[in-house]
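User: Please take a close look at how the two chains meet in this model, and then follow the packing from there into each chain. One connected account would suit me better than a list.

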Protein chains: 2
Amino acid sequence: MKENTKSPQTAKARPKAPAKSPRGTASHDAPYDTVAIVGAGLIGGSIGLALRERGLARHVIGIGRRAESLKLALDRGAVSRVTQNLAEGVADAQLIVVCTPVESIVEHVTAAAAACRAGALITDAGSTKRQIVNALSGRMPRGVRFVGGHPLAGGEQSGPLAARADLLIGKTVVLTPTSANTSADRRDAATFWLALGANVIEMSAAAHDRAVATTSHLPHLVAAAMAAATPQKLLPLAAGGWQDTTRVAAGDVDLWMQILRTNRADVLKSLGEFGKVVASFDSALRKNDDKKLAQLLRQAKRIRDAVGN
Amino acid sequence: MKENTKSPQTAKARPKAPAKSPRGTASHDAPYDTVAIVGAGLIGGSIGLALRERGLARHVIGIGRRAESLKLALDRGAVSRVTQNLAEGVADAQLIVVCTPVESIVEHVTAAAAACRAGALITDAGSTKRQIVNALSGRMPRGVRFVGGHPLAGGEQSGPLAARADLLIGKTVVLTPTSANTSADRRDAATFWLALGANVIEMSAAAHDRAVATTSHLPHLVAAAMAAATPQKLLPLAAGGWQDTTRVAAGDVDLWMQILRTNRADVLKSLGEFGKVVASFDSALRKNDDKKLAQLLRQAKRIRDAVGN
């Protein structure tokens with residue numbers, strides 16, 4: 001870690017303990033002096049809460065465009081200081097985590113890389129990785145490291161009010177390092193997410209996007225299609241099964257547009273695979289083929305039971 | 001309610017207070033002297049627990065085929081006496097509720113009707129209603145009433161161990177009376193389910209089956225297809241969205257086979273409607289038609305937000 005040369009801005013911004021935090025005040029031997037969070041919504045806010053509750057950073061800088069969101073993050077104790085000036089906000093950070101909507105991540109990583117100190121590590125929380133990793137490939141200034149990340153956490157809620165210090169505990173974070181990364185980069189990125197309570201796995205950005213097309217983006221489309229296929233007048237008969245199956249369709253439309261747009265080909269491929277299975281169910285029902293229908297339901301149950309909860 | 005002519009069997013079977021019940025011992029002025037529950041699984045067991053906890057019945061007779069299940073229901077305090085002999089079990093009941101898998105309900109209602117007292121009311125908890133109501137039409141012996149019911153409760157769990165006294169609280173029970181029913185039949189059936197904490201709505205069996213094809217059976221197929229379309233090796237990347245969307249696919253395969261089989265035409269129709277919406281999503285994604293994609297996602301979110309949780 002770099003020597004501690006604090007700017008006047010951060011020097012005067014001593015972290016206040018968040019009201020609910022048992023360990024809110026980071027000790028002077030915190031692993032990070034300054035962490036900058038670009039986009040303090042559900043994920044960014046949760047990272048901030050976890051960093052401060054766990055005493056992992058002396059300063060947590062919240063960076064964003066909207067003053068109201070920043071104020072909420074500050075009021076919740078998710079960050080110790082806020083700014084709308086990205087360059088200023090990242091200037092003293094050893095670690096910068098970009099948690100903005102997926103289509104603005106490249107712009108924010110690029111801006112952060114241009115303004116941060118040599119040796120700083122940048123990671124992100126984007127739900128798709130290929131476009132981001134490709135766009136940033138070879139564009140980091142000398143001494144600045146970027147390792148793409150995707151915490152598999154969140155859900156249908158968004159914004160700093162939904163943030164929770166325990167959001168990442170036990171969750172999986174996928175890191176997508178490239179050949180441009182050293183083993184130290186990979187270790188440092190993993191160390192950050194592990195410190196927040198997450199599990200870390202590494203894969204290529206392409207493999208990640210292919211996988212989450214099926215495990216995350218397809219469920220969103222399926223839930224949305226199920227909800228959209230339900231006439232309003234039948235909603236009084238929508239019980240637990242309908243509620244579970246459609247829950248994620250309540251997610252933020254703009255965020256999901258960006259996710260689907262940046263993973264279009266893989267999502268279409270997953271949708272095609274899903275369509276084949278739906279056609280098998282339809283055919284088994286139509287033909288009174290109980291053996292086939294039972295086989296499909298058993299296969300589904302086996303896979304679902306393997307995950308639990 | 002009929003005069004209280006107790007048989008030796010029921011007379012010797014005084015209810016014991018369930019261990020966890022604050023009001024476990026039914027008072028002598030309980031609304032029902034004897035309620036018989038055919039099939040003491042998740043729904044039947046929950047009805048028994050609620051009846052006893054609320055002091056609604058002096059005797060709750062659990063009737064079933066499998067001695068182990070009956071013993072579990074008795075041990076949990078869901079019933080006060082058990083028997084594998086349906087005719088004997090229903091002999092003294094004013095109210096009989098048949099909670100067996102949907103394809104055996106007609107048989108059990110018919111057997112109960114032949115063995116119960118005149119004036120007894122029979123209701124059921126079958127997830128599909130048209131086949132049941134049609135099969136029983138005109139087949140009740142003189143003085144025995146049947147009003148079909150469907151509590152929209154339950155989920156992926158089953159069996160008496162999953163039963164809970166509060167399962168029906170705030171849930172909707174659909175009753176499907178026919179022209180053979182008097183207003184007293186309808187009132188008595190509604191009174192029973194309302195006493196368990198449920199809300200009651202009435203509709204025709206055909207309208208019920210058409211509606212739940214979309215709100216319950218389609219979600220099950222969609223969840224199962226989504227789970228079956230997920231390769232095992234991707235499960236480590238299955239997070240909250242996948243878990244919610246597929247949850248009901250863990251349901252009992254045989255119970256769901258019976259539900260789907262007895263509502264085949266309506267389920268196929270709902271599946272067709274769902275397929276059209278999925279095709280719209282596919283087309284919007286394929287054509288980069290952001291306007292259409294956003295419109296579909298907004299429509300889905302609006303419908304999902306209307307339900308909550």
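**The contact between the chains**

Analyst: The contact draws on 74 residues from chain B and 74 residues from chain A. This is a predicted model, and every value below is computed from it. Between them, chain B and chain A bury about 6900 Å², and 73% of that area is on carbon and sulfur atoms. On the chain B side, the residues that lose the most area to chain A are Leu237(B), Leu285(B) and Arg304(B), which together make up 11% of what that side buries.

The arrangement of the two copies comes next. A turn of 180 degrees, with a shift of 0.0 Å along the axis, lays chain B on chain A with an RMSD of 0.0 Å. The two copies are therefore related as by a two-fold rotation axis. In chain B, the C-alpha nearest that axis belongs to Thr245(B), at 2.0 Å from it. Both copies use the same surface, since 100% of the contact residues of chain B recur in chain A.

Gln243(A) gives a local view of the contact. Gln243(A) is part of helix 9 (residues 240–246) of chain A. Once residues up to four places away in sequence are set aside, Gln243(A) touches Arg304(B), Val307(B), Gly308(B) and Asn309(B). Arg304(B) has already appeared among the residues of chain B that lose the most area to chain A. Gln243(A) has 15% relative accessibility and counts as buried, because the cut-off for buried is under 20%. Within its own chain, Gln243(A) is 16 residues from Ala227(A) in sequence, and their C-alpha atoms are 9.1 Å apart.

The loop between helix 11 (264–286) and helix 12 (290–307) holds Asn288(A) in chain A, and Asn288(B) has the corresponding place in chain B. Most residues other than glycine have a negative phi. Asn288(A), however, has a positive phi, near 55 degrees, and phi of Asn288(B) is likewise positive and near 55 degrees. Asn288(A) is partly exposed, with a relative accessible area of 46%, and Asn288(B) is also partly exposed at 46% relative accessibility.

From here the account moves to the packing inside the chains. Nonpolar side chains tend to be buried together in soluble globular proteins. The largest nonpolar core here has 119 residues, and the members that touch the most others are Ile96(A), Phe274(A) and Ile96(B). Not counting residues up to four places away in sequence, Ile96(B) touches Ala36(B), Val38(B), Val90(B), Ala112(B), Cys116(B), Ala120(B), Leu121(B), Ile122(B) and Thr123(B).

Ala112(B), one of those contacts of Ile96(B), is also among the buried residues of helix 5 (residues 105–115) of chain B, together with Ile105(B), His108(B), Val109(B) and Ala113(B). Seen down the axis of helix 5 of chain B, these buried residues fall within an arc of 135 degrees, so they line one face of the helix. They pack against strand 1 (32–38), helix 4 (86–90), strand 4 (95–98), strand 5 (121–124), helix 6 (130–136) and strand 6 of chain B.

Strand 6 (residues 145–151) of chain B contains His150(B), which is buried with a relative accessible area of 4%. Leaving aside neighbours within four places in sequence, the contacts of His150(B) include Asp124(B), Lys129(B), Thr172(B), His208(B) and Val212(B).

In chain A, strand 4 (residues 95–98) includes Leu95(A). Leu95(A) is buried, with a relative accessible area of 2%. Beyond neighbours within four places in sequence, Leu95(A) is in contact with Tyr32(A), Thr34(A), Val35(A), Ala36(A), Leu121(A), Thr123(A) and Phe192(A).

Phe192(A) leads to helix 7 of chain A, where Asp185(A), Ala189(A), Ala190(A), Phe192(A) and Trp193(A) are buried. These residues cover an arc of only 155 degrees around the axis, which puts them on the same side of helix 7 of chain A. The face turned away from that buried side carries the exposed residues Ser183(A) and Arg187(A). At 1.5 Å a residue, the 13 residues of helix 7 (residues 183–195) of chain A should span 18 Å, and the end C-alpha atoms are 18 Å apart, which agrees. Helix 7 of chain A is followed by Gly197(A), with a positive phi near 100 degrees.

Notes: Residues numbered from 1 in each chain as written. Chains lettered and ligands numbered in written order. Predicted model: local features only at pLDDT ≥ 70, side-chain atom pairs only at ≥ 80, totals over all residues. Heavy atoms only, no water. Least-squares fit on C-alpha atoms with pLDDT ≥ 70 in both. Contact = heavy atoms within 4.5 Å. Core = buried A, V, L, I, M, F, W, Y, C linked by side-chain atoms within 4.5 Å. Buried < 20%, exposed > 50% of the residue type's maximum accessible area, 1.4 Å probe, protein only. Helix = DSSP H or I, 4+ residues; strand = E, 2+ residues; numbered from the N terminus. Expected span 1.5 Å × (residues − 1). Arc of directions from axis to C-beta. Buried area = accessible area lost by both parts, 1.4 Å probe.
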